[in-house]
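Colleague: Could you take a close look at one loop for me, and then walk me through how it sits with the rest of the model?

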Amino acid sequence: MKILQRLSASKLTPVFIRLFLRLKSSRERPSAPLGSRLLTNPDDVFKHNTWDHVQWTEEDKENARRKVEENSTVQLPLKEQDEFDKEASLHWNSFYEVHQDRFFKDRNWLCLEFPELFPLAVKDQTVSKSNSHHSLHQESPQTFAFPGQHASFRILEVGCGVGNSVFPILNKTNSFLYCCDFSPRAIKLVMEHQDYDDSVCHAFVHDLCEAEASFPFPPQSLDVILAVFVLSSIHPKRIEGVINRISAYLKPGGTFLFRDYGRYDLTQLRFKKGQCVSESFYMRGDGTCVYFFTKEEVHQLFTKAGLEETQNLEDRRLQVNRGRKVIMHRVWIQSKYRKPYLH
């Protein structure tokens, strides 16, 4: 890898570089999902920045419940709630105008948590069923040409932002990646990125809440849909419709990968009175909003869309600021749902 970095771009084609990175990443990719750093001795808590699979005490649960009850007692006026619903994309567009690509970190953890994104790293279910009439690549008749139509594996990331998942995925897979966001500014930043390549990626502006908005590919054409910390930014009353609509674009056997904020995450506990829009749904100071899920409602949302659960975890972690000796609870929901094969 160091040798490659010393060579000039003119001496190596982008295709060769990408192929090298993909082959290298497939060898180094971890095999186990979720983290394995377990805190077995409380005296060790400040030895690392993060601890996985942390069990809450009854006192922890009660303190979190009390905090949420307190910060939800005063809700935003209905007028401001309506303004958010109508102008959500404007707030996120302003967010990216201000922060550009500097706010979020690249999600290099995706290969650990979601190996389904990288078919070279796992036993591809397509192979085992390729001779069956249930083949994952059995698709609806195509009525139009579309980007990536000749790809053998297609991924859609919804709410891609400035590409913090896009480019870690592109560097580790031979798949074709679609990515969309309802912020034109975010999509512009993705397309201006030095690693953006329209031969393997298609970025486009799309509002998931617009029921009539079309996608640049036909139904039942995707192997994977990825939604990471994006559905939480949608008003809770719209989430079910969004999941139903985009699930229609999965192939039979395709997988919907979901990761988002869980109930009683530190972010929820930090909100002040007057920022609550509705139950577990809050507006930040910049006008963007965030919802906090439970495992049970995630299961209900995806199964109502006709998908089958393969994983649904409440991932509790401790984040530690070792310099300030501060311990913070984080709660995320991580789920995987598969579209059933046709019978």
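Modeller: Sure, let's start at K273, which lies in the loop between α10 (266–269) and β7 (276–278); helices (H or I, at least four residues) and strands (E, at least two) are DSSP runs, numbered from the N terminus. Bear in mind that this is a predicted model, where local features need pLDDT of at least 70, side-chain atom pairs count only at pLDDT 80 or more, and totals for chains, interfaces and linings use all residues. Residues are numbered from 1 along each chain as its sequence is written, and side-chain values use heavy atoms, with hydrogens and water left out.

K273 counts as exposed, at 52% relative accessibility (buried means under 20% relative accessible area, exposed over 50%, partly exposed in between, with a 1.4 Å probe and protein chains only). Leaving out residues up to four places away in sequence, K273 touches E70, N71, T73 and V74, contact meaning heavy atoms within 4.5 Å. Take N71 from that list: K273 and N71 are 202 residues apart in sequence, yet 4.5 Å apart in space, C-alpha to C-alpha.

For contrast, have a look at Q311, in strand β10 (residues 308–321). Q311 is buried, with a relative accessible area of 13%. Beyond its neighbours within four places in sequence, Q311 is in contact with Q334, S335, K336 and Y337. With Q334 there is also a side-chain polar contact of 3.3 Å (a pair of N or O atoms within 3.5 Å; within protein, one must be able to donate a hydrogen and the other to accept it, and residues adjacent in sequence count only if both atoms are side-chain atoms).

On to the cysteines. The structure holds 0 disulfides, a disulfide being a pair of cysteine sulfur atoms within 2.5 Å. C180 is in none, and the nearest cysteine sulfur, that of C160, is 6.4 Å away. C180 counts as buried at 1% relative accessibility, while C209 is partly exposed at 23%.

Last, confidence. The protein has a mean pLDDT (the predictor's confidence in each residue, from 0 to 100) of 79, and 73% of its residues reach 70 or more. Helix α11 (residues 295–304) has the highest confidence, at 98, and helix α2 (residues 14–28) the lowest, at a mean of 36. Over residues 1–33 the pLDDT is below 50, and this stretch has 31 contacts in the model beyond near neighbours in sequence. Where pLDDT is low, the predicted coordinates should not be read in detail.
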